[in-house]
Amino acid sequence: MGFGWKHYFGREENKINLINFLNSLLEGEHIITDLQYANVEKDGEHSSERKVVFDLRCIGDGGEHFLVEMQLQNQDFFFDRAVTYTSRTISRLAKKGAEGNGYELPPVYFVAVLGFQLDKANDAKHYYSAKIADQFDQEILYEKLSYKMLILLNFNKSKTELSTIMDQWMYLMKHLNEIDELPSYLDKRIFSRIFISESVV
């Protein structure tokens, strides 16, 4: 799992890679045409509150916010971390004073690529997607807060079983340290840029 996260996704000259990745993840749900990188550090509103540091924080051209994390080492209470990060972001986005009376917020997406199992009792699940929903009929009650978590350890598809672009992303993230050039089973329109940027590292 030697995917050079900051190099491939975190640099302005390579942001098309991040746009392609997010669009693959959000296919049928949202489309990003452009984004800008934002400050990754957020202090608490009070001195007693812990500072949070995001791996990547981006703002889409529609005003939506993306918090993108890669965590390969096991971390307890990762869901708590995800909620903390989104809560801190939302609290800073809420308008103050008279402007805040409408309570309107932009969409916030938390995206995590993980190298450990979130649920050790379920070693087959490699993708979690969550929104605020009614627990009885699963109706989505709030569309603007979304959690997407990819579990590389549980992704066991072979290169001949990659049926979606998202499958291809997960395979690449898990096996990049074994691949020297763009293989035929990856969509060259999307992934050729990864190997171009790799060649100049």
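Biologist: What makes β7 and β8 a pair of strands, and in which sense do they run?

Modeller: In this predicted model, 6 bridges join β7 to β8, and the two run antiparallel. Two strands count as paired when there are at least two bridges between them, so 6 bridges meet the rule. One of the partnerships sets A130 against Y147 in β8.

Biologist: Which sheet do β7 and β8 belong to?

Modeller: An open sheet of 6 strands, in the order β1-β4-β5-β6-β8-β7, with mixed pairing. Neighbouring strands of this sheet are turned by 20 degrees against each other on average, direction ignored.

Biologist: Why are β1 and β7 called edge strands?

Modeller: Each of β1 and β7 (127–133) pairs on one side only.

Biologist: How do you know that β4 pairs with β1 and with β5?

Modeller: β1 and β4 share 3 bridges in the antiparallel sense, and β4 and β5 share 4 bridges, also antiparallel. The cut-off is at least two bridges, so β1 and β4 qualify with 3, and β4 and β5 qualify with 4. As for single positions, Q36 stands opposite I59 in β4, and L56 has V68 in β5 as its bridge partner. In the hairpin of β4 and β5 there are 4 residues between the strands, and G63 takes a positive phi near 90 degrees.

Biologist: Why is β4 described as largely enclosed?

Modeller: Because 5 of the 5 residues of β4 are buried. Both of its faces are covered: L56, C58 and G60 are buried on one side, R57 and I59 on the other.

Biologist: What makes α2 a mostly covered helix, and which strands does α2 lie across?

Modeller: In helix α2 (residues 15–25), 9 of the 11 residues are buried. Among them are L18, I19, F21, L22 and L25, along with the polar N17, N20 and S24. The helix lies across β1, β4, β5, β6, β7 and β8, and runs at about 120 degrees to β1. Helix α3 lies across β5, β6 and β8, running at about 150 degrees to β6.

Biologist: K15 is in α2 as well. Why is K15 called buried while D34 is called partly exposed?

Modeller: Buried means under 20% relative accessible area, and exposed means over 50%. K15 has 17%, so K15 counts as buried. D34 has 34%, which falls in between, so D34 counts as partly exposed.

Biologist: How do you know that D34 and K15 form a salt bridge?

Modeller: The closest N and O atoms of D34 and K15 are 2.9 Å apart. The limit is 4 Å between a side-chain nitrogen of Lys or Arg and a carboxyl oxygen of Asp or Glu, so the pair qualifies. The pair links distant parts of the chain, with D34 in the loop between α2 and β1 (35–37) and K15 in helix α2, 19 residues apart. By this rule the count comes to 9 salt bridges.

Biologist: What makes the salt bridge of K148 and E29 a link between distant parts?

Modeller: The closest N and O atoms of K148 and E29 are 2.8 Å apart. K148 lies in strand β8 (residues 140–151) and E29 in the loop between α2 and β1, so the pair ties together parts that are 119 residues apart in sequence. K148 counts as buried at 3% relative accessibility, whereas E29 is partly exposed at 33%. E29, K131, E143 and K148 are linked in a network of salt bridges.

Biologist: Why is E69 called buried, and what does the side chain of E69 reach?

Modeller: E69 has 0% relative accessibility, so E69 counts as buried. The residue is found in strand β5 (residues 65–71). Its side chain reaches the backbone nitrogen of D55 at 2.6 Å. R81 forms a salt bridge with E69, the closest N and O atoms being 2.5 Å apart. R81 lies in helix α3 (residues 78–93), so this pair ties together parts that are 12 residues apart in sequence. Both R81 and E69 are buried. Residues touching E69 also include W5, V53, F54, Y85 and F110.

Terms used. Residues are numbered from 1 along each chain as its sequence is written. This is a predicted model: local features need pLDDT of at least 70, side-chain atom pairs count only at pLDDT 80 or more; totals for chains, interfaces and linings use all residues. Side-chain values use heavy atoms; hydrogens and water are left out. Buried means under 20% relative accessible area, exposed over 50%, partly exposed in between (1.4 Å probe, protein chains only). A polar contact is a pair of N or O atoms within 3.5 Å; within protein, one must be able to donate a hydrogen and the other to accept it, and residues adjacent in sequence count only if both atoms are side-chain atoms. Contact means heavy atoms within 4.5 Å. Axes are lines fitted to C-alpha atoms, for helices over the stretch in contact, and angles run from 0 to 180 degrees between N-to-C directions. Lists of a residue's contacts leave out its neighbours within four places in sequence.
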